[in-house]
Amino acid sequence: MQDRRQLESLDYLFDHFNTTGYDHLVISGDLSNSANQGDWKIIRQKLENHGLYHWDKTTVIPGNHDLIHLEEEMRFYNALNPLPRVRKKAFDRRVLEFCIFFQELITGEERGDNAFPFLKIINYSSVRIALAALNSVYPWYPADNPLGARGYISPGQLRAISAQSVLKSLEDCVVIGLCHHAYKVYGTDSPIDQAFDWTMELKNRDEFLSVMKVIHAKLVLHGHFHRFQNYEVNGITFINGGSFRYNPHCYSELVIDGEGGRTQRFVTLSP
Ligand SMILES: [Fe+2]
């Protein structure tokens, strides 16, 4: 994200969002390439410059590349062979760092700890939108998550987001789920692709899907793969917003009307 052309493209994109007059921007993770806080700073600064750094204007969640530095994990593991508990603690600390860094866009509260899962309910004149966000980044483990790209949503988060009190507050909302990892992993039917794709999958995707059903989510937004893609699973539309790095002129637009009707398309700007 240090590249000048990329920064210009980001300015162009945010300018375009403001000119078009979108109500809300969702960034579905992987702001950085190697857990580099410098990249987070750049995104925050750009959002501030464009007046988008507000709780009701933008929502952000972390991706695996924000929380896991693969080479560092391996070096640390090979040198010290720390207990899984110790590594999990270090991982939780990084989640916390992310949440505190972007607290304005996450909980909007003074302290951003214990952020996940979080619920953001925004009242517009014709519709109430609820974003139900879960952290799906799973710590690096040598055998179970060798690339750090596998996802898992903790049972605690799944329980909390589907608690009775939460369901009550969601009653008159259009509910949109949000996590970093995809439900649908396989890009092709090729066995070779499928053998590789387990390293990228959301391990407990069916539990996640059940919870999305319980909270009556109509849509789920995610990232992780560089594809601009939408697909249906059990009546829920999943939208992968694609990748800025892959195509900085393309994004997913979602329009929700007062009757709960929704249209989604991928917009490509002419650079
Ligand atoms: Fe990712």
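This report walks through a predicted model of one chain, from its overall build down to a few single residues.

## The chain as a whole

Let's start with the parts list: the chain has nine helices and 10 strands. Along the principal axes, its C-alpha atoms fill a box of roughly 55 × 45 × 45 Å. How does the radius of gyration sit with the idea of a compact globule? It agrees: for 271 residues such a globule would come out near 18 Å, and the chain has 18 Å.

Buried residues account for 31% of the 271 in the chain. As for who touches whom, take the contacts between residues at least 6 apart in sequence: 65% of them join residues at least 24 apart.

## The N-terminal helix

Helix α1 covers residues 4–20, which makes 17 residues. From its first C-alpha to its last it reaches 24 Å, close to the 24 Å expected at 1.5 Å a residue. Just after α1 comes G21, with a positive phi of about 85°.

## The six-stranded sheet

If you want a landmark to orient yourself, try the open sheet of six strands, ordered β3-β4-β5-β6-β8-β7. Its pairing is mixed. The edges are β3 (118–123) and β7 (228–233), each of which pairs on one side only. On average, neighbouring strands here are turned by 20° against each other, ignoring direction. As a reminder, strands of a sheet pair through backbone hydrogen bonds, and they can do that either parallel or antiparallel.

Begin at the β3 edge. β3 and β4 run antiparallel over six bridges, and I121 stands opposite A130 in β4. Further in, β5 (residues 174–178) pairs with β6 (residues 217–222) in the parallel sense, over four bridges. One pair to look for there is L178 with its bridge partner L221 in β6. β6 also pairs in the parallel sense with β8 (residues 236–241), again over four bridges, and L219 stands opposite T237 in β8.

At the other edge, β7 and β8 are antiparallel and joined by six bridges. T237 turns up here too, as the bridge partner of E232. The two strands form a hairpin with two residues between them, and N234 in this hairpin takes a positive phi near 50°.

## The nonpolar core

Nonpolar side chains tend to be buried together in soluble globular proteins. The largest nonpolar core in this chain has 48 residues. Those with the most contacts inside it are I106, A130, A132, A133, V175, I176 and L178. Several elements each supply at least two residues of this core, among them the helices α2 (37–49), α5 (84–101) and α9 (205–214). Strands that do so include β1 (25–27), β4 (128–133), β5, β6 and β8.

I176 is a handy residue to click on. It is in strand β5 and counts as buried because 26 C-beta neighbours lie inside 10 Å, where 20 or more is the cut-off. Which residues does I176 touch, not counting those up to four places away in sequence? They are I129, A130, L131, A217, L219 and L221. For a sense of scale, the C-alpha atoms of I176 and I68 are separated by 26 Å, with their positions 108 residues apart along the chain.

## Backbone oddities in the loops

A few spots in the loops deserve a look. F116 and P117 are joined by a cis peptide bond, with omega at about -5°. P117 is found in the loop between α5 and β3.

Two histidines also stand out. H216 has a positive phi of about 60° although it is not a glycine, and H216 is found in the loop between α9 and β6. H224 likewise has a positive phi, of about 80°, without being a glycine; its place is in the loop between β6 and β7.

Are these two histidines buried or exposed? H216 counts as partly exposed, because it has 14 C-beta neighbours inside 10 Å. H224 is buried, with 26 other C-beta atoms within 10 Å.

Notes:
Residues numbered from 1 in each chain as written. Predicted model: local features only at pLDDT ≥ 70, side-chain atom pairs only at ≥ 80, totals over all residues. Expected span 1.5 Å × (residues − 1). Pairing = 2+ DSSP bridges. Rg over C-alpha atoms; globule rule 2.2 N^0.38 Å. Buried ≥ 20, exposed ≤ 12 C-beta atoms within 10 Å, placed from the backbone. Contact = placed C-beta atoms within 7 Å. Core = buried A, V, L, I, M, F, W, Y, C linked by C-beta atoms within 7 Å. Axes fitted to C-alpha atoms, helices over the stretch in contact; angles between N-to-C directions.
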